[in-house]
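User: Please take a close look at a single side chain and its setting. Then place that site in the context of the rest of the model, in one connected account.

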Amino acid sequence: MIVSGSSSQSLSAALAAATDADLAPVSFERFPDGELMAQVPYFDADEAVIVASTDSSDAHVELLQLQDAVREAGADHVTTVIPYMGYARQDAAFEPGQPVSARAMAKALSPGTDRVLTVNPHEPSITDHFDVPAETVDAAAQLADPLPADLTEPVFLSPDEGAVDIAETVQTAYGRGRVDYFEKTRLSGSEVEIEPRDADVDGRDVVLTDDIVATGSTMAESVAALDDMGAARVYVTCVHPMLAADATTKLARAGVEAIYGTDTLERAASTVSVAPAIADAL
Ligand code: R5P
């Protein structure tokens, strides 16, 4: 049976349809003191596939509870699908005294599961932190699906070299165009500086690609740079459309044509489903 966290309901339903599995009923409650209670009132299967993006601290707690609830209900085998794994970007102690949050989360989730799947984490090696088999699912190719067929001499561009593999995957799936990247320096959690390099974008349509759009600063700065460089239409695509706070309006003000993301996070921009990719991996 598929068991959904509160942040992954559409994706869980799509995955149940894709795998012909039953979707368990789940209820979510909050007590007056703020504590959470995620319950699986009816569970009748040997195997549980829990699908829960951990896009908030509450979602992490909820996932721990769901893992425990299905074991309590008799599941012999538990697979935990974390479509968007929160805290995964803190994959190292960047300054003295900092935690490796990705490791802390992985260690906490490991005892409740036999297997983990996560979609395009910022740093794939975070799977090493789990104490059970953990794999990544690459859903980037699907980001080509919503793009218009008539892109003019498209350039698939990542805001930094680290995400250029996503640009390459989307370009291959689209079937034509060039791949390039900018250089990015992060100044703070919400400020970045984009160095455009000498990408040839004049008069061309540009598809910006990244793993996550969080505050939107990276993409807004990139769109502004592309505008200065004479790019035609600029599309923003990402696997995880976090789009926190004013990210959507920031991008609209920057002049972006459209924002496309997947349903690892359920937002207005989640036009593409990762359900087929997860179904294959399962
Ligand atoms: C980090 O390098 C990631 O690949 C993204 O570029 C980053 O998370 C985007 O963050 P924001 O939208 O806040 O600029």
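Analyst:
**A side chain and its surroundings**

The side chain of S270 reaches the backbone oxygen of T262, at a distance of 3.2 Å. The model is a predicted one, and the values that follow are computed from it. S270 belongs to strand β15, which comprises residues 270–272. Is S270 buried or exposed? Its relative accessibility is 19%, and because burial is assigned under 20%, S270 counts as buried.

A second serine offers a parallel case of a side chain that meets a backbone atom. A polar atom of the S8 side chain lies 2.9 Å from the backbone nitrogen of S53. S8 is placed in the loop between β1 (2–4) and α1 (9–19). With a relative accessible area of 0%, S8 is buried. The loop between β4 (47–51) and α2 (57–72) holds T54, which is buried with a relative accessible area of 1%. T54 also has a partner further along the chain: P83 is 29 residues away in sequence, yet the two C-alpha atoms are 8.1 Å apart in space.

Two strand residues can be described in the same terms. T118 is in strand β6 (residues 115–119) and, at 1% relative accessibility, counts as buried. Its C-alpha atom is 6.5 Å from that of E135, a residue 17 positions away in sequence. V236 is placed in strand β13 and counts as buried at 0% relative accessibility. The C-alpha atoms of V236 and L251 are 8.7 Å apart, with 15 residues of sequence separation.

The loop between β13 (234–240) and α6 (247–254) contains L243. The backbone of L243 deserves attention: its phi is near 45°, a positive value in a residue other than glycine. Most residues other than glycine have a negative phi. D20 is a further case, with a positive phi of about 60° although it is not a glycine. Both lie in loops, D20 in the one between α1 and β2 (27–30) and L243 in the one after β13 and before α6. Their accessibility sets them apart: L243 counts as buried, at 12% relative accessibility, whereas D20 counts as exposed, at 72%. These assignments follow because the buried class ends under 20% and the exposed class starts over 50%.

D44 is another exposed residue, at 54% relative accessibility. It is found in the loop between β3 (36–39) and β4, where its side chain makes a polar contact of 3.4 Å with the side chain of Y42. D44 and T185 are 141 residues apart along the chain, and their C-alpha atoms are separated by 50 Å.

T185 falls within the span of β10 (183–186), and this strand leads to the ligand site: β10, β12 (206–212) and α5 (217–228) each supply at least two residues of the shell around the ligand. Which element gives the most to that shell? It is β12, with 3 residues. In total, 14 residues surround the ligand, and the closest are R89, D210, D211, T215 and T218. By class, the shell has 6 charged, 5 polar and 3 nonpolar residues.

Three of the approaches to ligand oxygen atoms can be given individually. A polar side-chain atom of R89 lies 2.6 Å from an oxygen atom of the ligand. K184 also presents a polar side-chain atom, 2.8 Å from a ligand oxygen atom. In A214, by contrast, the atom concerned is a backbone N or O, which lies 2.8 Å from an oxygen atom of the ligand. On its own the ligand has 370 Å² of accessible area, and the protein covers 94% of it. The space taken by the ligand is the largest pocket.

To return to the starting point, the S270 side chain and the T262 backbone oxygen are 3.2 Å apart, and the serine concerned is a buried residue of strand β15. The S8 side chain similarly pairs with a backbone atom, the nitrogen of S53, whereas the D44 contact joins two side chains, with Y42 as the partner.

Conventions: Residues are numbered from 1 along each chain as its sequence is written. This is a predicted model: local features need pLDDT of at least 70, side-chain atom pairs count only at pLDDT 80 or more; totals for chains, interfaces and linings use all residues. Side-chain values use heavy atoms; hydrogens and water are left out. A residue is near a molecule or strand if one of its heavy atoms lies within 4 Å of it. A polar contact is a pair of N or O atoms within 3.5 Å; within protein, one must be able to donate a hydrogen and the other to accept it, and residues adjacent in sequence count only if both atoms are side-chain atoms. Accessible areas come from the Shrake-Rupley method with a 1.4 Å probe; for residues, only the protein chains shown count as cover. On a 1 Å grid over the protein atoms alone, a cavity is a set of points where a 1.4 Å probe fits but cannot get out, and a pocket is an open set with protein on both sides within 12 Å along at least five of seven lines; lining residues have an atom within 4 Å of a point. A molecule sits in a cavity or pocket if more than half of its atoms lie within 2 Å of its grid points. Helices (H or I, at least four residues) and strands (E, at least two) are DSSP runs, numbered from the N terminus. Ala, Val, Leu, Ile, Met, Phe, Trp, Tyr, Cys and Pro count as nonpolar, Asp, Glu, Lys and Arg as charged, and the others, Gly among them, as polar. Buried means under 20% relative accessible area, exposed over 50%, partly exposed in between (1.4 Å probe, protein chains only).
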